[in-house]
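Got the viewer open? Let's take a short walk through this one, picking a new selection at each stop.

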Amino acid sequence: MKICVVHGQNHRGNTYRLTQLLLEQLSCEKENIKEFYVGGIGQCTGCTQCILKDENLCPHRLSMKPIVEALEKADVIILASPNYCMGMTGQLKNFCDHLGYRWMSHRPFDMRKKIGVGISTTAGMGAGKTAKELCKQLFWWSIGRTYSLSFTVNAIRWEEIPEKRILKLNRKVQRLAHRINSRYGKVHQSLKSRIMFKIMTLMHRNMEWNEIETAYWRANGWI
Ligand SMILES: Cc1cc2nc3c(=O)[nH]c(=O)nc-3n(C[C@H](O)[C@H](O)[C@H](O)COP(=O)(O)O)c2cc1C
């Protein structure tokens, strides 16, 4: 199993710890795990060159390239972000904006057989919402199965979390790891993903709003 993790924060806090707990339980050799921190990527300028022409025209293509390559190779893709003001971190959102051209509605890399995981922690509330927000990005990248993993720490530091809560969290992580390990290699695209892919197929067949996208869908044999 190959895993690509995109961390939405540069520090190794609660979200990082939770992500490591999951990684420890996945059937994957350490050398097959690639982890990225996206805080250093320049802000998306909104030039839309990636969507209208070519992602290689992006001013931040050099920062994006190794991550995109790892995403393509991975069987499991994890997006991890603390809840900041009821959403993912700005850094991770900026990274996701750079992948707008990869949305199912544009030129998706075929990720229908991949598994995606959205991970988030929060102090009080909002981790579930943030993890779902991450899953939404994964869904639109065309990932066939997505899971969310969220945790309310009720503390500032990981070490301050009561043991009872950590035990509960461990069980949650174990259940998710079991699901992923047993699905690996035989991922069935979710119904929702299949329906949306079909809608996109019809859209690209009938609208032809962007020649590059129509050609891309044709070349992939999707239309
Ligand atoms: C800028 C910022 C915004 C935050 N917003 C919220 C919030 O809206 N609700 C909440 O319960 N906790 C909020 N928190 C707390 C974090 O979500 C929480 O401490 C989280 O576990 C931090 O994860 P980390 O250690 O991986 O950074 C915020 C923290 C920061 C720094």
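Start by selecting Cys58: this cysteine is buried, at a relative accessible area of 14%. Keep in mind as you click around that the model is predicted.

Now add Cys47 to the selection. Cys47 is partly exposed, with a relative accessible area of 34%. Cys58 takes part in no disulfide, and its nearest cysteine sulfur, the one in Cys47, is 6.2 Å away.

Next, bring in Cys50. Why doesn't Cys47 bond to Cys50? The Cys50 sulfur is the closest cysteine sulfur to that of Cys47, but at 6.2 Å the gap is too far for a bond. A pair of cysteine sulfurs has to be within 2.5 Å to count as a disulfide, and by that rule the count is 0.

Time to move to the ligand. Select what surrounds it and you should pick up 15 residues, the closest being His11, Asn14, Thr15, Asn83 and Gly124. Colour them by character: 7 are nonpolar, 8 are polar and none is charged. Then switch on the cartoon, where helix H1 (14-25) and strand S4 (115-122) each contribute at least two residues to this shell.

Zoom in on the backbone for the polar contacts:

- Asn83: a polar backbone atom sits 2.7 Å from an oxygen atom of the ligand.
- Cys85: a backbone N or O atom is 2.8 Å from a ligand nitrogen.
- Ala123: here too a backbone N or O atom faces a ligand nitrogen, at 3.5 Å.

Last stop: show the ligand surface. On its own the ligand has 640 Å² of accessible area, and the protein covers 69% of that.

Terms used
Residues numbered from 1 in each chain as written. Predicted model: local features only at pLDDT ≥ 70, side-chain atom pairs only at ≥ 80, totals over all residues. Heavy atoms only, no water. Near = heavy atom within 4 Å. Polar contact = N/O pair within 3.5 Å; in protein donor to acceptor, adjacent residues only side chain to side chain. Areas by Shrake-Rupley, 256 points an atom, 1.4 Å probe, with all protein chains shown as cover. Helix = DSSP H or I, 4+ residues; strand = E, 2+ residues; numbered from the N terminus. Nonpolar A, V, L, I, M, F, W, Y, C, P; charged D, E, K, R; others polar. Buried < 20%, exposed > 50% of the residue type's maximum accessible area, 1.4 Å probe, protein only.
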